[in-house]
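Hello! Here are some notes to read alongside the coordinates, set out as numbered points. I hope they help as you look around.

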Amino acid sequence: MSDVPRRAAQRTVKLASLPLGAAGRMAAGWGKRLTGQDADTVSADFSARTAEQLFAVLGQLKGGAMKFGQALSVFEAAVPDELAEPYRDALSRLQTTSQPMSESSVRRTLDEQLGSGWHERFAEFDESPTAAASIGQVHRAVWHDGREVAVKIQYPGADEALRSDLRQLMRFSRLFESMLPGAEVKPLLRELQDRMVEELDYRIEADNQRSFATAFEGDELVHVPRVVASSPKVMVTEWVSGTPFAEIIDNGTREQRDRAGQLLSEFHFSSPARVGLLHADPHPGNFQLLPDGRLTVIDFGAVARLPEGLPRTLGRMLRLALEDRAEELMELLRSDRFVQTDSELRAEDVQAYLGPFVDPARTETFHFTRSWLQRQADRVGDLRSPEFRTGRSLNLPPDYLLIHRVTLGATGILCQLDAEVAAREIISHWQPGFAD
């Protein structure tokens with residue numbers, strides 16, 4: 001594949017093939033059951049085929065659709081095992097793989113971005129990609145000074161594809177408003193659009209990564225590869241070799257799981273204070289555990305800019321929810337636009353909704369498990385539950401969007417890792433407003 005499908009109509013047809021394909025397989029499944037085939041076998045076959053189609057379509061489209069698929073791969077931890085298993089492998093592959101661009105496209109992009117003499121800047125260059133993601137793929141190479149490097153090259157047409165997907169998303173704003181009547185949907189979607197468009201310029205990502213690398217230089221817990229060179233659609237960074245989180249999730253030891261979870265939590269909570277930025281693309285493909293026990297982090301295209309650090313309001317919310325101070329919590333939520341001023345929500349309902357989410361801060365260490373996350377998902381996702389009605393009436397201010405994305409995504413990873421983490425100590429140390 002040499003480039004990304006760019007035209008909105010072409011991409012819409014491919015996305016539409018997902019529900020249509022599922023409907024066709026469901027009809028075929030009923031036919032098989034009518035002819036006497038076992039219901040469990042038919043159901044397993046349906047799920048497996050749907051998962052494969054999901055992987056194939058999102059992997060081909062890349063752009064915003066691919067990013068959506070990568071986000072889904074984190075949240076499979078919230079789905080009951082008997083339903084999630086067929087999708088787990090297919091979605092996990094979206095974290096690190098997709099269809100590669102042709103070698104001619106690779107060479108043409110390097111010519112355009114690094115100049116026709118780009119070969120002279122490398123001692124070696126492997127034209128077969130080692131990894132692929134939503135808008136670019138990675139090649140292993142050796143820089144002219146002997147350093148092993150990773151060369152990230154943006155897919156031709158990825159910029160148009162991403163903008164097309166985001167335009168489609170904006171068109172659905174009324175649908176989202178009907179689903180979330182208490183939320184400011186359009187400002188939220190605009191914030192999402194602005195932040196995702198930033199990811200198209202690798203010079204911005206390179207500047208973000210330089211800031212993280214400088215802040216964590218010589219750190220005993222976290223390693224960030226240095227940027228070697230950058231242009232709008234090509235970025236060269238130092239190569240890192242560690243154990244990917246996806247591998248630890250699949251078959252890691254108890255020590256690896258707990259270490260990975262502890263370091264991930266520490267990294268996310270400490271970064272705003274240390275860097276003024278929050279890494280905002282939390283999925284297992286962006287994290288590895290190095291042989292020396294440090295966490296290494298890649299992909300800094302999505303960040304939240306927090307020059308004042310994490311908002312004090314979040315720490316205060318955590319503390320009030322933890323101590324069941326419902327009326328004070330409600331007052332704080334109203335003042336910071338998490339609850340609209342004309343909302344009829346009751347303080348005790350908001351406390352019942354948020355209280356279980358602060359479980360990790362209730363004890364010295366907390367065991368993040370799939371079953372715990374599934375209970376939370378069931379609780380707030382049951383259309384008949386009061387928590388579901390409360391959730392629909394809450395608002396997410398746009399300036400909290402990426403923080404919320406990181407919190408949900410990182411929690412999903414911790415539950416996939418099955419990690420025990422000293423979360424309360426990390427929150428107390430790094431989250432303003434919590435220990436005050």
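Helices (H or I, at least four residues) and strands (E, at least two) are taken as DSSP runs, numbered from the N terminus. With that in hand, please keep in mind that this is a predicted model.

1. **The chain as a whole.** The chain contains 18 helices and 14 strands. Of its 436 residues, 51% are buried. Looking at contacts with a separation of 6 or more, 70% of them come from residues 24 or more positions apart.

2. **A positive phi after helix 17.** Asp418 is a good place to begin, since it sits in the loop between helix 17 and strand 14. Its phi is positive, about 60 degrees, although Asp418 is not a glycine. Asp418 counts as partly exposed because its relative accessibility is 24%.

3. **Another positive phi.** Please also look at Arg337, where phi is near 70 degrees, again a positive value in a residue other than glycine. Arg337 belongs to the loop between helix 13 (326-335) and helix 14 (347-354). With a relative accessibility of 37%, Arg337 counts as partly exposed.

4. **Helix 11 against helix 17.** How are these two helices oriented to each other, roughly parallel or roughly antiparallel? Their axes lie 9 Å apart and make an angle of about 170 degrees. Angles over 145 degrees count as roughly antiparallel, and helix 11 and helix 17 are therefore roughly antiparallel to each other. On the helix 11 side, the residues that meet helix 17 are Arg257, Ala260, Gly261, Leu264, Ser265 and His268. Their counterparts in helix 17 are Val406, Ala410, Ile413, Leu414, Gln416 and Leu417.

5. **Helix 18 and its two sides.** Helix 18 covers residues 423-430, and Ala423, Ile426, Ile427 and Trp430 are buried there. Viewed down the helix axis, these buried residues fall within an arc of 95 degrees, so they line one face of helix 18. The cover over them includes helix 11 (254-275), helix 12 (312-322) and strand 14 (420-421). Turned away from the buried side is a face that carries Glu425 and His429, which are exposed.

6. **A buried glutamine.** Gln137 is part of strand 3, which spans residues 136-143. Is Gln137 buried or exposed? Its relative accessibility is 0%, so Gln137 counts as buried. A polar atom of its side chain lies 2.9 Å from the backbone nitrogen of Met101. Leaving aside residues up to four places away in sequence, Gln137 touches a list of residues that includes Pro100, Met101, Val106, Pro129, Val151, Ile153 and Tyr155. Lys152 is also among the residues that Gln137 touches.

7. **A salt bridge across the sequence.** Side chains of opposite charge can pair when their charged atoms come close. The model holds 26 salt bridges, and one of them joins Asp219 to Arg274, with the closest N and O atoms 3.0 Å apart. Asp219 is in the loop between helix 9 (202-215) and strand 5 (222-223), while Arg274 is in helix 11, so the pair ties together parts that are 55 residues apart in sequence. Asp219 counts as buried because its relative accessibility is 17%, whereas Arg274, at 34%, counts as partly exposed.

8. **A network of charges.** Which residues are linked in a network of salt bridges? They are Arg316, Arg319, Glu323, Arg325 and Glu328. Within this group, Arg319 and Glu323 meet through their side chains at 3.2 Å, N to O. Arg319 counts as buried because its relative accessibility is 19%, and Glu323 is partly exposed at 36%. Glu328 pairs with Arg325, the closest N and O atoms being 3.0 Å apart. Glu328, at 37% relative accessibility, counts as partly exposed, and Arg325 is partly exposed with a relative accessible area of 26%.

Technical notes
Residues are numbered from 1 along each chain as its sequence is written. This is a predicted model: local features need pLDDT of at least 70, side-chain atom pairs count only at pLDDT 80 or more; totals for chains, interfaces and linings use all residues. Side-chain values use heavy atoms; hydrogens and water are left out. Buried means under 20% relative accessible area, exposed over 50%, partly exposed in between (1.4 Å probe, protein chains only). A polar contact is a pair of N or O atoms within 3.5 Å; within protein, one must be able to donate a hydrogen and the other to accept it, and residues adjacent in sequence count only if both atoms are side-chain atoms. Contact means heavy atoms within 4.5 Å. The arc is that of the directions from the helix axis to the C-beta atoms. A salt bridge is a side-chain nitrogen of Lys or Arg within 4 Å of a carboxyl oxygen of Asp or Glu. Axes are lines fitted to C-alpha atoms, for helices over the stretch in contact, and angles run from 0 to 180 degrees between N-to-C directions. Angles under 35 degrees count as roughly parallel, over 145 as roughly antiparallel, 65 to 115 as roughly perpendicular and the rest as oblique.
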